[in-house]
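Okay, thanks everyone, let me pull this up on the screen. I'll walk through a few spots, and shout if you want me to stop.

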Amino acid sequence: MNILLVGGTCSLMNNIILKLRKEGHRVFLLTGDKYKHSKYEKVFERYDFPYDSENLNEIIESVNPDVTILLGAFDTNYLWNGEERETVHFISHMVNILVAYSVVNRGKLIYLSSDEVFSGDYPDDITEGEKFSGYGIRPAALSQAEELCENFRVNRGLDITVLRLDHLYSIPKDKNDINNICAGMCLEYLRDGYIKADENHTFSMLYEKDAVEYIYKVVKSKKRAHSIYHLSSNDVVNEVELASWILQAMQSEANIVTTPGKNGRCVLSGRKFEEEFDVYTFCDCKKTIEKMALYMQKHKNVFVNEDKEGSILKNLWEKWKWLVRALVPFIENLICFIPFFMLNNRTVGSQYFANLDPFLLYVLLFAIVYGQQQATFSAICAVAGYMFRQMYTRTGFEVLLDYNTYVWIAQLFILGLVVGYMRDQIRTMRAESAELEEHLSRQIVDIRDINESNVRVREVMEQQLVGQKDSLGKIYSITKQLDQSMPDEVVFHAVEMLTKLMETKDVAFYSVVNDDYARLFSASSEKARSLGNSIRYREMTEIYDELLEEKVYINKTMDERYPLMVRGIYEDGKLQMVIMLWGLNWEKMTLGRANFLTVVSYLIQNAVLRAQRYIQALEEKRYSHGSRILEKDAFESLVQAYVKAEEKNLVECTLLKVCVQSEQYQEVGRKMVEKMRDSDYIGIMEDDQLYVLLANTGQENAVIVQKRFEENGYRTEIVE
């Protein structure tokens with residue numbers, strides 16, 4: 001099966017990968033991280049895309065998964081320290097993934113939740129039908145994700161199963177793996193020398209390897225009776241007992257500090273899952289806890305290290321750097337105001353610079369550089385400077401009564417605000433353009449990555465058999481129709497069949513004349529005739545190289561000069577005919593279609609070669625007295641085949657009547673056959689007159705042939 005795993009790196013993810021690979025499944029991975037930082041166990045194909053990528057549909061379509069597993073509550077891409085922010089990301093990502101999955105609607109989806117959706121005191125084991133009771137932002141987010149899965153399952157008819165894992169735990173390899181209560185107690189003892197335990201908290205624990213086995217049971221199941229299950233080991237323990245196991249394993253006499261907590265008995269009932277799937281736990285809880293404690297004690301230096309990363313100054317900077325960045329333009333504005341104020345003092349009363357307004361230049365400068373906000377601030381500073389300078393010679397009251405003051409202020413503000421507004425608009429337009437460009441560039445990069453991934457997958461699967469449900473029926477119809485065709489009609493029928501089988505209207509057959517040239521034999525459309533009646537195929541380097549190796553050429557670069565697919569027909573390793581296809585959809589240009597074309601071309605090859613051998617065997621009966629003039633039956637059959645093909649727009653032909661006496665037939669045949677193409681024919685029809693059949697030649701081009709006959713003393717006329 002193709003199985004798509006969605007989540008960040010962790011021991012649970014890696015154990016699931018190992019299990020699926022061991023069982024022979026093809027594992028694909030969507031990491032949720034576009035920077036490729038995380039390390040995972042080896043998978044068949046890895047997609048480094050964020051969950052909010054616009055291309056999730058394309059990824060799921062490329063994988064075509066039979067099963068999709070979302071790590072959900074155990075996805076390490078989310079840092080729940082900033083819980084409010086992570087909740088928004090978590091829920092929006094879940095919606096995006098579920099929408100993409102519903103669009104493709106392929107296989108089943110398994111979402112992993114946890115016991116955190118419940119809290120409080122439950123005297124009996126908690127069943128799947130119990131309402132959510134978890135308090136806190138993270139439990140609420142997990143419960144909302146479960147409700148989303150249920151809504152998509154019911155409203156859109158999707159095959160979605162939710163699995164709640166009860167107090168999952170594993171032996172951590174480093175400090176980042178400490179994400180469960182057992183490892184937390186071990187770390188607490190190694191760091192502080194004692195363990196705090198809630199004397200009322202009782203729960204059941206599930207070891208990670210057991211959880212992987214349980215999940216795999218759901219993966220390989222074809223049908224499930226319910227949409228939600230609890231995965232639990234039923235090994236009930238309380239925190240005080242768990243702490244005593246840890247201290248006993250570490251051979252310590254440290255104290256256990258008991259505290260009354262909010263939680264009571266909270267044990268998930270796994271009975272429904274056990275009865276349906278007939279499972280049981282492999283790992284003994286107490287022994288596993290002892291192994292964990294001994295491992296963490298042995299590698300104490302890995303788990304206990306003081307966090308010396310930041311200092312007080314660094315923390316202050318991280319907290320207030322936004323304010324500093326916001327104040328920088330204002331500080332810069334005030335600093336620049338000083339030289340402009342001094343310049344204004346020098347220009348006042350100057351004989352040469354009296355009309356120069358430094359404050360206006362100052363406001364324009366900041367309007368152009370920073371926009372409307374700084375233009376307003378600089379205008380206020382300029383007004384203050386102007387008023388201060390005017391009061392050198394006048395009182396403030398006189399300055400306020402002077403209407404020139406208000407005209408100057410209005411001029412200053414209007415000019416500054418207009419220029420600043422234009423600057424802001426230009427900046428906004430540029431930002432929108434840059435954002436759109438970044439968005440499109442990101443899409444192009446994502447699509448290219450997906451395409452490269454698909455190419456790698458195709459190369460891995462290249463040796464596998466690619467078939468279709470109706471391939472046997474199609475192959476039978478090809479064989480039957482070609483076997484029933486007359487020898488002269490085989491190629492025309494082959495063109496018709498290829499248009500149907502390859503789902504394109506543009507098919508051409510070229511007959512190879514020598515090692516360089518090939519002539520058009522039949523084509524189904526004007527597009528298929530676009531290369532002309534005669535081509536030098538050796539110059540088409542990419543096509544020629546594939547034909548030499550008897551492979552199918554696929555126009556991966558969509559070069560308009562070449563067909564989209566090309567395949568040769570061979571006899572004893574020598575190229576006889578070339579099949580060219582245009583008008584294929586991009587989705588059809590796959591390895592499967594190339595293999596299908598190979599099979600079809602082999603069938604056509606056998607039919608064409610069989611027809612040619614049949615014609616060669618009857619060659620003495622087809623030609624008149626050892627000449628190249630076809631006898632009546634052979635020539636009329638050939639003409640009828642071309643006429644029928646022309647009616648179906650498979651070929652273009654012209655029939656010429658040679659106006660000579662019967663005594664001159666041999667002479668005409670001897671002289672003119674050498675001056676005709678290999679694809680042209682000369683023969684006798686029922687009226688005992690001599691005719692010439694020009695293949696792939698219209699009446700306009702037939703004039704050239706008529707001139708050749710006239711130059712040799714033979715008159716011809718076109719037969720409608």
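Glu549 is exposed, with a relative accessible area of 52%. Just so we're clear, this is a predicted model. Which residue does Glu549 form a salt bridge with? That's Lys551, and the closest N and O atoms are 3.1 Å apart. Lys551 counts as partly exposed, because its relative accessibility is 43%.

Let's stay with salt bridges for a bit. A search of the whole structure turns up 16 of them. Another one pairs Glu526 with Arg529, and there the closest N and O atoms are 3.6 Å apart. Look at the two ends of that pair: Glu526 is exposed, at 61% relative accessible area, whereas Arg529 is buried, at 14%. The cut-off for buried is under 20%, so Arg529 makes it.

Then there's Lys19 with Glu23, where the closest N and O atoms sit 3.0 Å apart. Is Lys19 buried or exposed? Buried, since its relative accessibility is 12%. Glu23 comes out as partly exposed, at 35%. And that pair has company: Lys19, Glu23 and Glu213 are linked in a network of salt bridges.

Okay, on to helices. Helix α6 covers residues 208-220. With 13 residues at 1.5 Å a residue, α6 should span 18 Å, and its end C-alpha atoms are 19 Å apart, so the two agree. Which residues of α6 are buried? The list includes some charged ones, Glu208 and Asp210, along with Ala211, Val212, Tyr214, Ile215, Tyr216, Val218 and Val219.

Compare that with α12, residues 358-369. This helix has twelve residues, and from its first C-alpha to its last it reaches 17 Å, close to the 16 Å expected at 1.5 Å a residue. The buried residues in α12 are Pro358, Phe359, Leu360, Tyr362, Val363, Phe366 and Ala367. If you step just past the end of α12, you hit Gly371, which takes a positive phi of about 105 degrees.

That's a glycine, but we also have positive phi values elsewhere. As background, most residues other than glycine have a negative phi. So where do we find the exceptions? One of them is Asn64, which has a positive phi of about 50 degrees although it is not a glycine. Asn64 sits in the loop between α2 (56-63) and β4 (67-70), and it is partly exposed, with a relative accessible area of 35%.

His167 is another, with phi near 50 degrees, again a positive value in a residue other than glycine. You'll find His167 in the loop between β6 and β7 (168-169). His167 counts as buried, because its relative accessibility is 12%.

While we're around β6, let me point at Ile160, which is found in that strand, residues 160-165. How buried is it? Ile160 has 3% relative accessibility, so it counts as buried. Which residue is 67 residues from Ile160 along the chain, with C-alpha atoms separated by 6.7 Å? That's Ser227.

Last stop, the surface, where I've got three patches to show you.

The positive one is formed by Lys173, Lys209, Lys287 and Lys291. Lys291 is found in helix α9, residues 285-298. At 57% relative accessibility, Lys291 counts as exposed, because the cut-off for that is over 50%.

The negative one is made up of Glu432, Glu435, Glu437 and Glu438. Glu432 lies in helix α15, which runs over residues 403-460.

And the third is nonpolar. Which residues form it? Leu316, Trp320, Trp322, Leu323, Leu327, Ile331 and Ile335, which together have about 690 Å² of accessible area. Trp320 is found in helix α11, residues 312-347. With a relative accessible area of 40%, Trp320 is partly exposed.

Right, that's my tour. Happy to go back to any of those spots.

Conventions:
Residues numbered from 1 in each chain as written. Predicted model: local features only at pLDDT ≥ 70, side-chain atom pairs only at ≥ 80, totals over all residues. Heavy atoms only, no water. Patch = residues over 30% accessible without salt bridge, like charges linked within 9 Å, V, L, I, M, F, W, Y side chains within 5 Å. Areas by Shrake-Rupley, 256 points an atom, 1.4 Å probe, with all protein chains shown as cover. Salt bridge = Lys/Arg side-chain N within 4 Å of Asp/Glu carboxyl O. Lys, Arg positive; Asp, Glu negative; His and termini not counted. Charge placed at Lys NZ, Arg CZ, Asp CG, Glu CD. Helix = DSSP H or I, 4+ residues; strand = E, 2+ residues; numbered from the N terminus. Buried < 20%, exposed > 50% of the residue type's maximum accessible area, 1.4 Å probe, protein only. Expected span 1.5 Å × (residues − 1).
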